[in-house]
Amino acid sequence: MTANMRTRMVRVIVGLAITAAIVAALLIWRPSGLYLWVKAVHVIAVISWMAGMLYLPRLFVYHCDAEPGSKQSETFKVMERRLLTIIINPAMVATWALGLWLAFDSGVYKAGWFQAKFVLVVLLSGVHGFFVRCVRDFAADQNQRPQKFYRLINEVPTLLMFGIVLLAVVKPF
Ligand code: HEM
């Protein structure tokens with residue numbers, strides 16, 4: 001295992017440990033009105049996650065035009081890495097931790113709308129994972145995908161967001 005892979009694995013383990021710690025702390029500490037506060041912070045985390053998930057593929061589209069090794073390309077690499085590590089990854093961890101707490105605290109995990117939302121959120125998380133791979137490919141000047149591909153994948157988080165928000169707010173079934 002390379003040092004790079006070890007660093008990534010440590011980051012994943014730390015992320016999971018933080019998620020578990022937040023969920024455990026919230027399950028133990030239960031002051032009144034907590035549910036609505038947690039829901040508000042969940043929505044704030046969702047907004048941050050989605051802002052990054054909508055902007056990152058736009059950066060990939062522009063990055064495709066930059067010559068590998070050029071100053072512009074190096075600037076895109078820094079923008080992509082910072083957006084991912086400072087905004088997108090922590091926001092996803094917070095969204096999951098708080099969302100799972102809400103689901104188990106209220107018992108809505110049994111509801112049809114929640115289960116459908118859960119499937120769409122898992123798909124969104126898969127797209128997130130794919131974007132992590134794209135950031136690494138660009139960082140190593142190894143991107144092989146055409147600009148058109150990024151223009152298309154750019155729309156996927158938007159479509160998933162429509163479905164997730166409609167299910168969470170309207171709760172149609
Ligand atoms: C990561 C996994 C997620 C889980 C487990 C989860 C779970 C939940 C739960 C249980 C609620 C409370 C529902 C209620 O009290 O009626 C909620 C609220 C909400 N969630 Fe999530 N959620 C997740 C991700 C997301 C994502 C990705 C979005 C948007 C793209 C989202 C948008 C919302 C909204 C807008 C509300 C407020 C609904 C309302 O009160 O009317 N959630 N979520």
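Six donors around a metal count as octahedral if opposite donors are over 155 degrees apart and all others between 65 and 115. Keep that rule in mind for the iron in this predicted model. The site of the ligand's iron atom has six donor atoms, with angles of 84 to 176° among them, and it is octahedral. For reference, ideal angles for six octahedral donors are 90 or 180 degrees.

Now look at who holds the metal from the protein side. His42, through NE2, and Lys117, through NZ, coordinate the iron atom of the ligand at 1.8 to 2.1 Å. That pair ties together distant parts of the chain: His42 belongs to helix H2 and Lys117 to helix H4, 75 residues apart.

Step back from the iron and take in the rest of the ligand. It sits in the second largest pocket. Helices H2 (34-65), H3 (71-106), H4 (112-139) and H6 (156-170) are the elements that each give two or more residues to the shell around the ligand. H3 gives the most, with six residues. So what sort of residues make up this shell, by class? There are 16 nonpolar residues, plus three polar and three charged ones.

Of the 22 residues around the ligand, the ones that come nearest are Tyr35, Lys39, His42, Lys117 and Lys171. We've already met His42 and Lys117 at the iron. The other three each put a polar side-chain atom by a ligand oxygen: Tyr35 at 2.5 Å, Lys39 at 2.7 Å and Lys171 at 2.9 Å.

Terms used
Residues are numbered from 1 along each chain as its sequence is written. This is a predicted model: local features need pLDDT of at least 70, side-chain atom pairs count only at pLDDT 80 or more; totals for chains, interfaces and linings use all residues. Side-chain values use heavy atoms; hydrogens and water are left out. A residue is near a molecule or strand if one of its heavy atoms lies within 4 Å of it. A polar contact is a pair of N or O atoms within 3.5 Å; within protein, one must be able to donate a hydrogen and the other to accept it, and residues adjacent in sequence count only if both atoms are side-chain atoms. On a 1 Å grid over the protein atoms alone, a cavity is a set of points where a 1.4 Å probe fits but cannot get out, and a pocket is an open set with protein on both sides within 12 Å along at least five of seven lines; lining residues have an atom within 4 Å of a point. A molecule sits in a cavity or pocket if more than half of its atoms lie within 2 Å of its grid points. Helices (H or I, at least four residues) and strands (E, at least two) are DSSP runs, numbered from the N terminus. Ala, Val, Leu, Ile, Met, Phe, Trp, Tyr, Cys and Pro count as nonpolar, Asp, Glu, Lys and Arg as charged, and the others, Gly among them, as polar. Donors are N, O and S atoms within 2.8 Å of the metal (3.2 Å for Na, K and Ca); water is not among the atoms, so sites may look incomplete. Four donors count as tetrahedral if all angles lie between 85 and 135 degrees; four count as square planar and six as octahedral if opposite donors are over 155 degrees apart and all others between 65 and 115; anything else is irregular.
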